[in-house]
Amino acid sequence: MIGAVPARDATLAERLRAGRSPRRRAVDRAGRGLALAATLACVVPLAAVLFFVVAKGAGALNLDLLTKPAKALGTGGGALQSWLGTVQMVGLATLIAVPVGIAAGIYVSEFAGHRAARAIRFASDVMVGVPSILVGIFVYVLLVLPFRQFNAFAGSVALAVIIVPVIQRTTEEVLGLVPRELREGSLALGVPSWRTTLSVVLPTARAGVLTGVMLGVARAAGETAPLLFTALGSRLVNIGGFGEPMDSLTLFIYNGARSPIAALNDQAWGAALLLLLLVLGINVSVRLRSMGGVRA
Amino acid sequence: MTITSPRRLGALALVAAVAVGACGGGATAAPSASSEPGASPAQTGAAGPAVPSGTVSLTGAGATFPAPLYQVWFEQFGTIHPNIKIDYQAIGSGGGIKNITSQTVDFGASDAPMKDDEIAALPAGTKILHVPTALGAVVVIFNVPGLTDLKLDGPTTAGIFLGTITKWNDPAIAALNPGVTLPASDVVVVHRSDGSGTTNAFTAYLAAVSDAWKGGPGVGKDVQWPTGIGAKGNDGVAAATKQTSGAIGYVELQYAAQAGLATAALKNADGAFVQGSVDGVTAAADAAAASFPADFRQDPIINGPGAATYPIASFTFLLLYVDQKDQAKGQALIALVYWALTDGQALEKGLGYAPLPAAVQAKAIAALHTITFGGAPIWPE
């Protein structure tokens with residue numbers, strides 16, 4: 001190394017920089033500047049979206065929006081049918097997807113052979129990337145056309161199809177992080193393999209698995225496309241009627257945002273804020289709950 | 001904890017399985033709600049059809065053109081008969097016909113009558129009854145700062161939508177609007193992106209007044225637009241026009257009112273410039289009522305005679321299965337449509353729609369007698 005020898009306690013970056021020419025330093029600074037600009041470009045849209053939704057939605061997110069159903073011509077109505085629909089359909093989708101996703105994750109992580117695991121992992125990755133509108137059309141053909149009825153159950157299944165690969169991949173990754181010694185210890189005590197998985201491995205990875213579930217739920221709550229062909233949307237409050245059409249917050253936003261009626265535009269902003277709070281609430285609760293244990 | 005975990009997982013799986021089973025059944029069984037057969041026999045004559053006593057859910061989808069009227073109707077009918085729930089989704093006339101063809105709805109709605117090839121595409125044995133419910137005007141809306149009064153004739157309107165007139169101060173527009181200051185800004189055409197009965201009526205008008213349009217884009221629910229931006233539904237076109245300076249579009253009268261947009265006065269067959277209005281549509285309907293076709297498939301009424309007649313008027317139709325698969329649903333549907341054709345007509349004017357001419361109304365009510373369940377009329381004469 002030529003030039004001044006840096007002090008021993010200097011950081012690695014400082015020591016590297018010390019020997020450089022002014023040109024190199026300039027390039028370094030420009031590179032850092034660009035990286036910072038790119039980072040800002042990432043953060044600004046997010047901040048802008050949050051700002052707009054809060055600014056426009058705060059005034060419309062009131063008791064009427066939460067407690068009143070849609071009304072003709074948009075005056076004096078609310079989004080009761082929509083948030084109830086989102087909660088119900090996402091709830092049922094979660095009930096369907098959690099056992100399937102976790103079981104598949106366990107299988108890939110603990111039991112599948114190398115080739116099978118790779119094939120399933122590949123399939124899951126592809127599934128995560130499939131445009132959700134295709135999932136909607138698939139479920140439409142499967143569960144709407146044969147029954148001759150748009151129904152909320154089909155909507156839930158479409159959402160479940162979207163959640164499953166998210167849970168499967170997360171579960172698999174998290175189980176892989178559980179130390180071998182735990183499994184070996186359990187097996188050495190004579191505990192069967194299946195019991196080891198369910199009673200030792202899975203509980204250890206619980207926080208991480210939960211994160212996967214919540215990520216899936218948050219994603220499903222924000223989906224519109226798969227519901228257009230399945231749950232269709234509704235202007236009526238529907239509690240438990242999974243054989244009939246149901247509304248969701250996303251469909252409410254979609255319909256309200258393109259309305260010429262100003263009151264409905266406002267309600268759509270209110271519903272957007274409500275959805276944001278819902279998804280944000282889920283995310284935050286997950287982060288808080290998964291402080292312990294193995295994380296994704 | 002180590003012992004309860006697998007149980008918890010098992011319980012979760014069980015819950016999901018039960019939910020799958022229950023709801024899978026629900027998809028088929030739930031809609032066929034009970035109504036005691038024969039308990040409330042259908043009455044004859046002027047008393048109107050019987051309303052089922054059990055809970056019935058009806059799902060409909062289609063035209064956005066009458067959607068504000070239908071929403072008010074179905075809400076009011078639901079208040080009178082709380083056991084009957086009617087859900088209407090405004091997805092466009094094209095969507096309404098698509099759904100009635102795939103039989104995923106209990107009723108459809110369209111302002112363009114089904115074409116012969118669309119009827120041929122229905123599943124074998126399926127017959128559809130067109131029930132006219134109202135008339136509306138297709139009005140030309142515009143959003144030009146400072147401009148509130150605009151007169152247009154057929155060729156000029158066609159020129160705008162063909163893309164040959166591109167500036168608001170075009171000589172053709174200026175000639176029709178003497179004394180009006182027109183800006184030099186670009187004309188932005190807004191049209192429908194979905195299959196639409198409103199488009200069908202509007203393009204029928206353009207084809208009637210312009211050979212270039214007739215030989216070019218032609219008439220239909222969906223045409224190849226030479227220019228402009230697409231928007232979904234009457235609501236979408238109204239919103240896009242409202243948000244775009246220099247925009248011009250076409251919607252049902254009620255949507256212009258909702259959006260608070262100015263409408264152009266169109267030159268009618270008698271050479272008078274008329275604003276879209278309930279009266280202007282009623283005049284058109286009265287002139288056309290005498291020749292109303294037996295199968296109800298009345299095309300839009302373009303350039304009807306009369307000084308007060310508005311040149312683009314269209315019936316809008318409910319599409320009903322002649323053979324109902326579910327008796328309670330069939331009864332509820334007939335009761336609903338009968339109410340709409342009688343009491344419901346009084347609500348039309350206030351919402352910007354024209355009530356049916358008396359002759360058409362009588363024909364429509366009579367047609368409800370032809371709807372059957374298991375081969376027998378649900379509401380016998």
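**A tour from chain A to helix α3 of chain B**

Select chain A to begin, and colour by secondary structure: 13 helices and zero strands are found there, in a model that is predicted. Followed along the sequence, chain A reads α-α-α-α-α-α-α-α-α-α-α-α-α. Turn the C-alpha trace of chain A along its principal axes, where the spans are about 80 × 60 × 30 Å; the radius of gyration of chain A is 25 Å, whereas a compact globule of 296 residues would have a value near 19 Å. Of the 296 residues in chain A, 42% are buried, and among contacts with a separation of 6 or more, 75% join residues that are 24 or more positions apart.

Next, select chain B and colour domain 1 (2-135 + 316-377) separately from domain 2 (137-295). Between them, 24 residues of domain 1 of chain B are in contact with 24 residues of domain 2 of chain B. On the domain 1 side, the elements giving two or more residues are α3 (93-101), β4 (128-143) and α13 (358-367) of chain B, and that side is made up of 12 nonpolar, nine polar and three charged residues.

Now zoom in on α3(B), which is largely enclosed by the rest of the structure because seven of its nine residues are buried. The buried residues to pick out are Ser93(B), Gly94(B), Gly95(B), Gly96(B), Ile97(B), Asn99(B) and Ile100(B). Display their cover as well, which includes β1 (56-62), β3 (107-110), α4 (116-120), β4, α7 (197-209) and β13 (312-321) of chain B. Finish at Gln103(B), just after α3(B), where the backbone takes a positive phi of about 60 degrees.

Note on methods
Residues numbered from 1 in each chain as written. Chains lettered and ligands numbered in written order. Predicted model: local features only at pLDDT ≥ 70, side-chain atom pairs only at ≥ 80, totals over all residues. Domains from an automatic or database assignment. Contact = placed C-beta atoms within 7 Å. Helix = DSSP H or I, 4+ residues; strand = E, 2+ residues; numbered from the N terminus. Nonpolar A, V, L, I, M, F, W, Y, C, P; charged D, E, K, R; others polar. Buried ≥ 20, exposed ≤ 12 C-beta atoms within 10 Å, placed from the backbone. Rg over C-alpha atoms; globule rule 2.2 N^0.38 Å.
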